[in-house]
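Me: I've got a protein model to go through for class. Could we work through it with some questions and answers?

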Amino acid sequence: MLILRNLRAALLAAFFLLQMPLIAQAAPVGGAGAYEAELPAELGSTADMCTLLPCTEVFPGAAGFSSRKGSPPYVEVYGPPGSDGKPTLLGYVMLSTDITDTPAYSGKPVVTLIGMDRQGRYVGIKVLKHSEPILLLGIPESALLKFNAQYLGKSVADKIEVGSSRSDEGVLGVDAISGATVTVIAQNQVLSASTAAVARQVGILAPTLREPARFAPANPRATWDELAGQGSVRRLRVMPEQLGLPRGSEPFIELWFGDLNHPDLGRSLLGDAGWNNLRARLGAQDKAFFVIRSAGAESFKGSGFVRGGIYDRVQVKQGNDSFTFRDLDSLNLYGLAAPGAPAYDESAIFVIRSPAFSAAYPWKLSLLGNRVDRATGARSFTSFDSAYWLNAALLDGGRPKIEEADAPWLRVWKTRATEIALFAALLMAVTVVYALRESLTRRATHKNKWPVNAFKYSAWALSIGFVGFGAMAQPSMTQVLTWFHALLFQWTWSLFLSDPFIFLFWIFIILTVFLFGRGLFCGWLCPFGSLSEALYKVGGWLGLKRWQFQLPQRWHDRLKWLKYAIFFGLLATSMFSMVLAEQLAEVEPFKTTFLVGVLNRPWPYGLFVVLLLGLSLFVERPYCKYICPLGASLAMPSTFRWFGLRRKQDCNSCRACAVGCGAQAIDADGRIDHRECLHCLDCMVLYTDTKGCPPLARERKRRERDGLELTPIGKDGYFIPIHPATVADQIAAKAAQGPDPRMPTEPARPPHKTDARGWTWLMLELRDHLWPLSVDGWKSQRALQIAGLSLALAATLAWLLAGLGQLSAIALIAWWFGWSVYEVLIRLSGRRYVKDGPWWQARYRRAGVMDMLSYVGFKNLLIGATLFLGLKALGLLQP
């Protein structure tokens with residue numbers, strides 16, 4: 001008991017010490033309060049940007065700044081006046097979100113202020129705001145400053161990538177931030193795109209050259225429907241809820257736009273007289289397109305047109321070039337001649353006067369605006385784009401071929417192809433070895449486990465060295481939270497593909513959890529779990545075995561629920577505050593151990609890791625068994641793994657496997673809890689060991705004494721019977737005397753499914769999953785069933801309100817979470833059974849509380865995600 005009290009005290013002390021830096025020394029990243037920092041509301045529209053932002057910090061020595069100019073906008077930096085009394089032009093400052101809204105890992109852009117001199121060299125970089133959870137805690141400010149500092153002195157003309165330099169390809173490499181690979185890849189893209197766009201405008205880089213369009217003849221009298229059908233006119237529609245405004249039946253704004261450069265398109269849209277009049281007013285290099293507002297009360301011309309002659313809400317983007325418009329770039333549109341054209345109440349013809357634009361290449365119309373965060377009221381810059389490319393039939397020779405640079409995530413996969421291939425091979429090899437576990441365990445004995453341990457220990461070594469410290473591919477609860485929120489709110493494949501090791505690892509985890517349970521990942525390939533158990537083994541070899549111990553089973557059975565409480569607490573907290581959830585997720589030691597490093601973090605984090613790893617010398621995997629929220633999240637679907645470990649009837653009276661189970665996952669009846677099992681395979685070795693398994697040892701001795709044949713061990717774990725009927729009778733008699741350890745709980749058979757087949761079976765399955773109320777529950781817990789029926793109606797109403805736009809996403813999730821909790825209680829009172837193994841089989845068993853929590857939680861997650869994403873796809877769900 002003294003050891004137990006010391007263990008509990010150590011765990012509690014470590015946990016509370018961990019929280020100290022969360023309160024006292026949570027360091028900002030890009031400056032004071034860079035995480036979700038509040039930026040000036042007028043930042044997106046003010047002409048004097050540097051009166052609101054610290055431009056001198058990214059351009060030391062500046063004496064003054066101009067107002068915003070150019071397209072996309074930038075600010076000129078001036079030094080002291082020269083001999084002629086005029087300010088000296090030193091360089092340029094730009095705000096990244098004026099140019100690109102490339103999202104980082106959080107799905108939101110990192111707002112960055114950038115300084116560039118007249119030669120195109122980076123002179124200063126400052127992150128003003130970010131939403132990256134990984135940068136909230138743990139990664140010090142110096143790491144981000146060091147990353148940004150790598151660009152200083154480099155030229156916008158340089159080809160800069162995150163990773164190693166490749167001189168043969170002209171690539172300059174910059175080092176990533178450990179544990180924030182996706183973030184820095186996105187930041188590199190932001191810095192490159194922003195500076196290149198400005199550098200082209202001011203002549204540092206050569207302007208983009210595109211072949212002019214060569215038009216093919218078309219119908220000069222096409223109707224509006226014909227034009228829309230061939231993509232010659234396109235629509236851009238923005239609903240109020242997309243801007244964080246109350247949902248309405250009418251769009252915030254609806255625009256139609258199209259090309260006026262093709263002669264036959266121009267005649268179809270403007271008529272012969274209108275087309276000829278337009279051509280007379282355009283220069284030889286000028287290109288034109290029209291915009292009309294067919295719905296909505298918001299003007300697309302914007303307030304900037306009145307102030308300074310700039311249309312600040314409309315922009316055209318082609319490749320890396322952006323084009324904005326002044327009053328001289330706009331002509332009146334007096335009418336549309338195409339039959340069937342929609343009515344409109346605002347219109348314009350915009351003229352692009354840059355030779356960089358070509359009507360033959362794809363372009364986008366971008367509508368700029370501000371989005372209101374309904375939770376905080378904060379405004380953020382955003383844009384809504386609609387792509388346009390002339391139909392190939394309208395271009396002589398068809399559309400030009402476009403060679404675009406590889407996406408950043410694809411470049412990562414290509415540059416690290418060898419490491420990725422080795423990692424994928426490791427995952428496949430471990431899966432194959434584990435799938436062949438029965439062949440390996442039959443070759444092993446309880447005194448010689450090396451046929452299994454040779455593979456398992458090799459997996460541990462590779463997991464710790466190659467996966468953990470090398471690739472830094474330790475999965476974590478923060479990824480579960482981030483991916484969960486991305487799935488619900490803004491999923492972007494490119495972000496998750498940017499870290500190929502984590503991406504592949506999660507594919508492996510998801511597949512193997514449903515095939516075998518969480519134990520293959522947790523027990524064989526989790527870097528921290530492997531390190532923890534390796535220390536326990538090393539401790540035994542170093543002579544510490546006499547002090548190594550297991551918690552009493554009754555205490556283990558209580559403490560193992562702690563990790564589930566932590567998991568549910570983090571998940572619930574994240575729905576209200578990702579900031580707080582990320583802070584509390586520091587209960588995971590993974591970031592300190594592998595991603596950032598003990599020496600790069602405040603001392604309480606390092607102490608927490610040292611305590612856990614030190615305790616691992618004496619207790620097998622204490623963190624994995626009692627604290628790990630990631631393990632808890634994977635344990636829930638492990639309830640329904642397809643393939644489990646073998647048990648025989650005698651296991652209900654023999655405790656040989658239970659005594660040797662380091663995970664303490666085998667109970668007194670010989671049953672394996674697959675949520676806790678870490679797949680060490682020691683019990684599988686004993687299962688066929690004729691000297692280690694007590695029932696087999698007794699039978700072996702009897703046969704040797706009686707001179708009987710020692711037949712091989714069958715799949716049922718017994719010697720292949722010499723007299724089958726006699727052995728079968730003996731096993732049946734044993735089964736009648738105790739529980740069947742081959743099932744995690746007592747078998748159950750819903751009476752209404754006994755003889756169901758075909759469509760009847762399918763309908764009963766749907767009813768079972770969607771309708772938790774039951775006759776048995778009505779008889780035993782009538783009040784609970786009535787309350788459950790009321791709550792079910794309320795939850796259904798919540799989905800209907802969400803579909804009608806009257807309920808926010810957060811409120812809907814809260815309702816669904818509440819209903820799920822209540823459904824557990826309802827099912828426990830009337831339908832207390834779950835399936836064991838593949839879903840299409842009919843192996844039912846009695847459900848424990850955790851079984852029911854796992855079943856309801858996972859089922860409702862799938863149902864809720866399907867409905868949630870369906871409503872979002874239809875545009876019916878509020879932000």
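Reply: Sure, and keep in mind that this is a predicted model. Let's begin with an open sheet of five strands, in the order β1-β2-β3-β4-β5 and with antiparallel pairing.

Me: Which strands stand at the edges of that sheet?

Reply: Look for strands with a single partner strand, because one side of each is then left without a neighbour in the sheet. Residues 64-65 make up one such strand and residues 122-129 the other. So the edge strands are β1 and β5.

Me: Which residue of β2 stands opposite F65?

Reply: Start with the pairing: β1 and β2 (residues 75-81) run antiparallel and are joined over two bridges. Across from F65, in β2, you'll find V77.

Me: Okay, helices now. Where is the kink in α5 centred?

Reply: Check the span of α5 (residues 263-281) before anything else. If this helix of 19 residues were straight, it would span 27 Å at 1.5 Å a residue, but its end C-alpha atoms span only 15 Å. There's a kink of about 115° in α5. Its buried residues include L269, L270 and W275, and the kink is centred on G271.

Me: Is R621 buried or exposed?

Reply: R621 is found in the loop between α20 (603-615) and α21 (622-626). Buried means under 20% relative accessible area. The value for R621 is 1%, so R621 counts as buried.

Me: What is the phi of R621?

Reply: Here's some background: most residues other than glycine have a negative phi. R621 is not a glycine, yet its phi is positive. The value is about 50°.

Me: And what about L681, what is its phi near?

Reply: L681 is found in the loop between α23 (656-660) and α24 (682-687). At 2% relative accessibility, L681 counts as buried. L681 is a residue other than glycine with a positive phi, near 75°.

Me: Which residue does R621 meet in a salt bridge?

Reply: The N to O distance in this salt bridge is 2.5 Å. One partner lies in helix α15 (residues 527-544) and R621 is in the loop between α20 and α21, so the pair ties together parts that are 88 residues apart in sequence. Both partners are buried. The residue that R621 meets is E533.

Me: How many residues apart are E161 and R411?

Reply: The side chains of E161 and R411 meet in a salt bridge, at 3.4 Å from N to O. This pair links distant parts of the chain, with E161 in strand β6 (residues 159-162) and R411 in helix α7 (residues 408-415). E161 is buried at 7% relative accessible area, while R411 is partly exposed at 23%. In sequence, the two are 250 residues apart.

Me: How many salt bridges are there in the whole structure?

Reply: Another one joins D740 and R742, with the closest N and O atoms 2.9 Å apart. Some salt bridges share partners, and these join residues including D557, K560 and R641 into one network. A search of the whole structure brings the count to 41.

Me: Last one: what is the area of the nonpolar surface patch that M763 helps make?

Reply: M763 lies in helix α27 (residues 758-770). The patch is made by M763 together with W759, L762, L766 and L770. Its area is about 570 Å².

Technical notes. Residues are numbered from 1 along each chain as its sequence is written. This is a predicted model: local features need pLDDT of at least 70, side-chain atom pairs count only at pLDDT 80 or more; totals for chains, interfaces and linings use all residues. Side-chain values use heavy atoms; hydrogens and water are left out. Patches are made of residues with over 30% relative accessible area and no salt bridge: like charges are joined within 9 Å, nonpolar side chains (Val, Leu, Ile, Met, Phe, Trp, Tyr) within 5 Å. Accessible areas come from the Shrake-Rupley method with a 1.4 Å probe; for residues, only the protein chains shown count as cover. A salt bridge is a side-chain nitrogen of Lys or Arg within 4 Å of a carboxyl oxygen of Asp or Glu. Helices (H or I, at least four residues) and strands (E, at least two) are DSSP runs, numbered from the N terminus. The expected span of a helix is 1.5 Å times one less than its number of residues. The bend at a residue is the angle between axes fitted to the seven residues ending there and the seven starting there. Buried means under 20% relative accessible area, exposed over 50%, partly exposed in between (1.4 Å probe, protein chains only). Two strands pair if DSSP finds at least two bridges between them.
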